[in-house]
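Let us read a structure feature by feature, with the general idea placed before the particular case.

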Amino acid sequence: LSYYITDHSKPLTGLRKWAVEHQSIYPDEAELRKECEEYMEEFDEREKLKFQREKEMGETPDEDGWITVTKTTKFGASVESAKEKKKDYDKKMEKKRKEMIHLYSFQERENRKESLAVLKAKIPRGQRKDCKNEICQKV
């Protein structure tokens, strides 16, 4: 961390000094990405070894003839079941989104008024009084 503009000039002060300090807090993006990738490779290796050890423990009996029960399953969740779950979730969310068309009560009232206006236009004025349906009475 250098607080000088160049090696032999006057020291940084004010906003420039603050900017240099602020940038020095965060690592370089390329270095951080490289470090993360290395860590994830090591993690994957450890997990693979752990899984193999547990699998071997589950297959081989110990000196007394007992087989160790491990938490691993023979059959993991399949890709198809995950896709089906996602489709079900998407359908559920689509239905919910359609239900939320009228978020406010005034929107429902306006929609009702518009639908009644359409019904009024369909039924001639003379027949409205003779009609005993609930729909006609509302019109």
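**Reading the helices and their side chains**

A: The side chains of K86 and D90 meet in a salt bridge, with N and O 3.1 Å apart; a salt bridge here is a side-chain nitrogen of Lys or Arg within 4 Å of a carboxyl oxygen of Asp or Glu. This is a predicted model, in which local features need pLDDT of at least 70 and side-chain atom pairs count only at pLDDT 80 or more, while totals for chains, interfaces and linings use all residues. Residues are numbered from 1 along each chain as its sequence is written, and side-chain values use heavy atoms, with hydrogens and water left out.

Q: How many salt bridges does a search of the whole structure find, and how far apart are K86 and D90 in helix α3?
A: Side chains of opposite charge can pair when their charged atoms come close. The search of the whole structure finds 2 salt bridges. K86 and D90 are 4 residues apart in helix α3 (residues 79-99), and therefore about one helical turn separates them; helices are DSSP runs of H or I with at least four residues, numbered from the N terminus. E29 forms a salt bridge with R33, with the closest N and O atoms 3.3 Å apart, and these residues are likewise 4 residues apart, in helix α2.

Q: Is K86 buried or exposed, and what of D90?
A: Buried means under 20% relative accessible area, exposed over 50%, and partly exposed in between, with a 1.4 Å probe and protein chains only. K86 is exposed, at a relative accessible area of 51%, whereas D90 counts as partly exposed at 37%.

Q: Which residues form an aromatic pair, and how is the pair described?
A: A pair of aromatic rings is described by the distance of the centres and the angle of the planes. Rings of Phe, Tyr and Trp (its six-membered ring) pair if their centres lie within 6.5 Å, and planes under 30 degrees apart count as stacked, over 60 as edge-to-face and the rest as tilted. The structure holds 1 aromatic pair: Y39 and F43 are stacked, 6.5 Å centre to centre with 20° between the planes. Both lie in helix α2 (residues 29-59); Y39 is partly exposed at 46%, and F43 is partly exposed at 30%.

Q: What share of the residues of the chain counts as buried?
A: Of the 139 residues of the chain, 4% count as buried. The chain has 6 helices and 0 strands, and among the 12 residues of α1 the count of buried residues is 0.

Note on methods:
Helices (H or I, at least four residues) and strands (E, at least two) are DSSP runs, numbered from the N terminus.
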